[in-house]
Amino acid sequence: MAAGQRAVQQGNYAEAERVLLVAVRKAEEFGLEDRRVAVSLSQLAQVYAGQGKHVEAEPLYLRALKIYQAVHGENHPDVAATLNNLGVLHRMYGQYAEAEPLLTRALAIKEKLLGPDDPDVALSVANLAQLWVAKGQPEKAEPLYRRALAIREKALGPSHPEVAKTLEDLANVLRKLGRKDEAVAVELEARKIRSKRS
(Lines give C-alpha, C1' and ligand atoms only; values in the text may rest on other atoms or scores of the structure.)
Protein backbone atom coordinates (compact mmCIF):
# COMPACT_ATOMS: atom_id res chain seq x y z
CA MET A 1 0.00 0.00 0.00
CA ALA A 2 2.77 2.43 0.97
CA ALA A 3 4.70 1.62 -2.22
CA GLY A 4 1.53 2.23 -4.25
CA GLN A 5 0.97 5.60 -2.59
CA ARG A 6 4.60 6.58 -3.24
CA ALA A 7 4.22 5.67 -6.92
CA VAL A 8 1.06 7.81 -7.15
CA GLN A 9 2.87 10.79 -5.59
CA GLN A 10 5.62 10.36 -8.20
CA GLY A 11 3.00 10.24 -10.96
CA ASN A 12 3.97 6.66 -11.87
CA TYR A 13 0.47 5.25 -12.32
CA ALA A 14 1.60 2.05 -14.05
CA GLU A 15 3.78 1.16 -11.05
CA ALA A 16 1.03 2.20 -8.60
CA GLU A 17 -1.46 -0.02 -10.43
CA ARG A 18 0.94 -2.99 -10.42
CA VAL A 19 1.78 -2.65 -6.71
CA LEU A 20 -1.82 -2.05 -5.61
CA LEU A 21 -3.05 -5.11 -7.52
CA VAL A 22 -0.58 -7.12 -5.43
CA ALA A 23 -1.86 -5.34 -2.28
CA VAL A 24 -5.45 -6.35 -3.13
CA ARG A 25 -4.40 -10.01 -3.54
CA LYS A 26 -2.43 -9.92 -0.26
CA ALA A 27 -5.37 -8.32 1.56
CA GLU A 28 -7.73 -10.99 0.21
CA GLU A 29 -5.67 -13.58 2.10
CA PHE A 30 -7.29 -12.15 5.28
CA GLY A 31 -10.74 -12.87 3.79
CA LEU A 32 -12.70 -11.27 0.94
CA GLU A 33 -14.75 -9.15 3.37
CA ASP A 34 -11.72 -7.89 5.35
CA ARG A 35 -11.41 -4.10 5.74
CA ARG A 36 -7.86 -4.25 4.29
CA VAL A 37 -9.36 -5.48 1.01
CA ALA A 38 -11.65 -2.42 0.89
CA VAL A 39 -8.77 -0.05 1.64
CA SER A 40 -6.58 -1.51 -1.12
CA LEU A 41 -9.52 -1.58 -3.58
CA SER A 42 -10.22 2.10 -2.84
CA GLN A 43 -6.57 3.01 -3.44
CA LEU A 44 -6.53 1.10 -6.73
CA ALA A 45 -9.82 2.72 -7.79
CA GLN A 46 -8.30 6.16 -7.13
CA VAL A 47 -5.35 5.27 -9.36
CA TYR A 48 -7.73 4.21 -12.15
CA ALA A 49 -9.85 7.34 -11.67
CA GLY A 50 -6.72 9.51 -11.80
CA GLN A 51 -5.95 8.00 -15.20
CA GLY A 52 -9.50 8.49 -16.47
CA LYS A 53 -10.24 4.75 -16.34
CA HIS A 54 -13.83 5.09 -15.12
CA VAL A 55 -14.88 1.60 -16.23
CA GLU A 56 -12.10 0.02 -14.13
CA ALA A 57 -12.55 2.31 -11.10
CA GLU A 58 -16.31 2.04 -10.54
CA PRO A 59 -16.59 -1.70 -9.72
CA LEU A 60 -13.66 -1.40 -7.30
CA TYR A 61 -15.32 1.47 -5.45
CA LEU A 62 -18.60 -0.48 -5.36
CA ARG A 63 -16.89 -3.57 -3.97
CA ALA A 64 -15.03 -1.47 -1.36
CA LEU A 65 -18.31 0.23 -0.40
CA LYS A 66 -20.01 -3.13 0.12
CA ILE A 67 -17.17 -4.30 2.40
CA TYR A 68 -17.09 -1.04 4.39
CA GLN A 69 -20.86 -1.22 4.90
CA ALA A 70 -20.60 -4.84 6.05
CA VAL A 71 -17.71 -4.07 8.45
CA HIS A 72 -18.78 -0.65 9.78
CA GLY A 73 -22.48 -0.22 8.99
CA GLU A 74 -24.00 2.60 6.95
CA ASN A 75 -22.67 5.59 8.95
CA HIS A 76 -18.90 5.54 8.93
CA PRO A 77 -16.18 7.84 7.49
CA ASP A 78 -14.96 5.05 5.13
CA VAL A 79 -18.49 4.64 3.75
CA ALA A 80 -18.85 8.41 3.30
CA ALA A 81 -15.44 8.72 1.59
CA THR A 82 -16.25 5.90 -0.84
CA LEU A 83 -19.70 7.35 -1.64
CA ASN A 84 -18.02 10.71 -2.23
CA ASN A 85 -15.39 9.18 -4.56
CA LEU A 86 -18.08 7.31 -6.50
CA GLY A 87 -20.13 10.50 -6.80
CA VAL A 88 -17.15 12.48 -8.09
CA LEU A 89 -16.38 9.69 -10.57
CA HIS A 90 -19.95 9.78 -11.94
CA ARG A 91 -19.86 13.59 -12.14
CA MET A 92 -16.60 13.51 -14.10
CA TYR A 93 -18.26 11.24 -16.65
CA GLY A 94 -21.42 13.32 -16.95
CA GLN A 95 -23.55 10.79 -15.06
CA TYR A 96 -25.22 13.46 -12.96
CA ALA A 97 -28.32 11.46 -11.98
CA GLU A 98 -26.05 8.78 -10.46
CA ALA A 99 -23.69 11.32 -8.85
CA GLU A 100 -26.22 13.41 -6.93
CA PRO A 101 -27.61 10.79 -4.50
CA LEU A 102 -24.09 9.50 -3.77
CA LEU A 103 -22.71 12.96 -3.00
CA THR A 104 -25.79 13.91 -0.97
CA ARG A 105 -25.56 10.72 1.11
CA ALA A 106 -21.82 11.19 1.69
CA LEU A 107 -22.49 14.74 2.93
CA ALA A 108 -25.29 13.58 5.26
CA ILE A 109 -23.05 10.91 6.84
CA LYS A 110 -20.17 13.36 7.32
CA GLU A 111 -22.47 15.98 8.89
CA LYS A 112 -23.84 13.37 11.28
CA LEU A 113 -20.40 12.05 12.28
CA LEU A 114 -18.28 15.21 12.18
CA GLY A 115 -20.72 18.08 12.72
CA PRO A 116 -21.56 20.86 10.26
CA ASP A 117 -18.25 22.76 10.54
CA ASP A 118 -15.65 20.09 9.74
CA PRO A 119 -13.27 20.61 6.77
CA ASP A 120 -14.27 17.18 5.44
CA VAL A 121 -17.89 18.38 5.37
CA ALA A 122 -16.70 21.40 3.36
CA LEU A 123 -15.13 19.01 0.83
CA SER A 124 -18.45 17.22 0.32
CA VAL A 125 -20.35 20.53 0.11
CA ALA A 126 -17.88 21.74 -2.56
CA ASN A 127 -18.21 18.47 -4.50
CA LEU A 128 -21.99 18.89 -4.52
CA ALA A 129 -21.53 22.49 -5.72
CA GLN A 130 -19.31 21.25 -8.56
CA LEU A 131 -22.09 18.89 -9.59
CA TRP A 132 -24.56 21.80 -9.88
CA VAL A 133 -22.04 23.76 -11.94
CA ALA A 134 -21.57 20.75 -14.23
CA LYS A 135 -25.37 20.44 -14.55
CA GLY A 136 -25.54 24.08 -15.65
CA GLN A 137 -27.28 25.29 -12.49
CA PRO A 138 -24.79 27.75 -10.93
CA GLU A 139 -27.56 29.34 -8.85
CA LYS A 140 -27.71 26.09 -6.81
CA ALA A 141 -23.91 25.97 -6.53
CA GLU A 142 -23.46 29.48 -5.10
CA PRO A 143 -24.91 28.86 -1.59
CA LEU A 144 -22.95 25.61 -1.37
CA TYR A 145 -19.65 27.29 -2.24
CA ARG A 146 -20.42 30.04 0.28
CA ARG A 147 -21.04 27.39 2.94
CA ALA A 148 -17.80 25.53 2.06
CA LEU A 149 -15.95 28.85 2.19
CA ALA A 150 -17.33 29.71 5.64
CA ILE A 151 -16.38 26.27 7.01
CA ARG A 152 -12.88 26.41 5.56
CA GLU A 153 -12.21 29.96 6.75
CA LYS A 154 -13.29 29.01 10.28
CA ALA A 155 -11.57 25.61 10.43
CA LEU A 156 -8.42 26.21 8.36
CA GLY A 157 -7.89 29.96 8.68
CA PRO A 158 -8.55 32.76 6.16
CA SER A 159 -5.25 32.34 4.27
CA HIS A 160 -5.37 28.58 3.65
CA PRO A 161 -4.98 27.32 0.02
CA GLU A 162 -8.36 25.56 0.29
CA VAL A 163 -9.95 28.94 1.06
CA ALA A 164 -8.30 30.42 -2.07
CA LYS A 165 -9.53 27.47 -4.17
CA THR A 166 -13.09 27.89 -2.86
CA LEU A 167 -12.99 31.62 -3.61
CA GLU A 168 -11.87 30.84 -7.18
CA ASP A 169 -14.72 28.34 -7.59
CA LEU A 170 -17.19 30.88 -6.18
CA ALA A 171 -15.89 33.56 -8.57
CA ASN A 172 -16.43 31.17 -11.48
CA VAL A 173 -20.05 30.66 -10.38
CA LEU A 174 -20.62 34.40 -9.96
CA ARG A 175 -19.36 34.94 -13.54
CA LYS A 176 -21.79 32.30 -14.81
CA LEU A 177 -24.56 34.17 -12.96
CA GLY A 178 -23.58 37.42 -14.72
CA ARG A 179 -22.27 39.05 -11.53
CA LYS A 180 -18.90 40.10 -12.93
CA ASP A 181 -18.06 42.82 -10.37
CA GLU A 182 -18.61 40.41 -7.46
CA ALA A 183 -16.57 37.77 -9.26
CA VAL A 184 -13.64 40.17 -9.73
CA ALA A 185 -13.69 41.11 -6.02
CA VAL A 186 -13.74 37.44 -4.97
CA GLU A 187 -10.90 36.60 -7.41
CA LEU A 188 -8.86 39.43 -5.89
CA GLU A 189 -9.30 37.89 -2.41
CA ALA A 190 -8.10 34.53 -3.77
CA ARG A 191 -5.07 36.16 -5.45
CA LYS A 192 -4.09 37.89 -2.19
CA ILE A 193 -4.08 34.51 -0.41
CA ARG A 194 -2.09 32.85 -3.18
CA SER A 195 0.50 35.66 -3.29
CA LYS A 196 1.04 35.44 0.50
CA ARG A 197 1.84 31.76 0.17
CA SER A 198 4.21 31.97 -2.80
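Here are a few friendly notes on some helices in this predicted model.

1. Start with helix H3 (residues 35-50) and helix H5 (residues 77-92). Their axes come within 12 Å and cross at roughly 25 degrees. Because angles under 35 degrees count as roughly parallel, H3 is roughly parallel to H5. The crossing of H3 past H5 is left-handed.

2. Which residues in H3 and H5 meet? From H3 come Arg-35, Ser-42, Gln-46 and Ala-49, and from H5 come Asp-78, Thr-82, Asn-85, Leu-89 and Met-92. Sorted by class, this contact of H3 with H5 has three nonpolar, four polar and two charged residues.

3. Now look at helix H7 (residues 119-134). Its 16 residues should span 22 Å at 1.5 Å a residue, and the end C-alpha atoms are 23 Å apart, so the two values agree.

4. Many residues of H7 can be checked for burial in your viewer. The buried ones include Val-121, Leu-128, Leu-131 and Trp-132, and Ser-124 and Asn-127 are also among them. What covers the buried residues of H7 includes H5, helix H6 (96-114), helix H8 (138-156) and helix H9 (161-176).

5. H9 also has 16 residues, and from its first C-alpha to its last it reaches 23 Å, close to the 22 Å expected at 1.5 Å a residue. Its buried residues include Val-163, Leu-167, Leu-170 and Leu-174, along with Thr-166 and Asp-169. The buried residues of H9 pack against H7, H8 and helix H10 (180-197).

6. What follows H9? Look for Gly-178, which has a positive phi, near 80 degrees.

Note on methods: Residues numbered from 1 in each chain as written. Predicted model: local features only at pLDDT ≥ 70, side-chain atom pairs only at ≥ 80, totals over all residues. Heavy atoms only, no water. Axes fitted to C-alpha atoms, helices over the stretch in contact; angles between N-to-C directions. Helix = DSSP H or I, 4+ residues; strand = E, 2+ residues; numbered from the N terminus. Parallel < 35°, antiparallel > 145°, perpendicular 65-115°, else oblique. Left-handed = near helix turned anticlockwise from the far one by under 90°. Contact = heavy atoms within 4.5 Å. Nonpolar A, V, L, I, M, F, W, Y, C, P; charged D, E, K, R; others polar. Expected span 1.5 Å × (residues − 1). Buried < 20%, exposed > 50% of the residue type's maximum accessible area, 1.4 Å probe, protein only.
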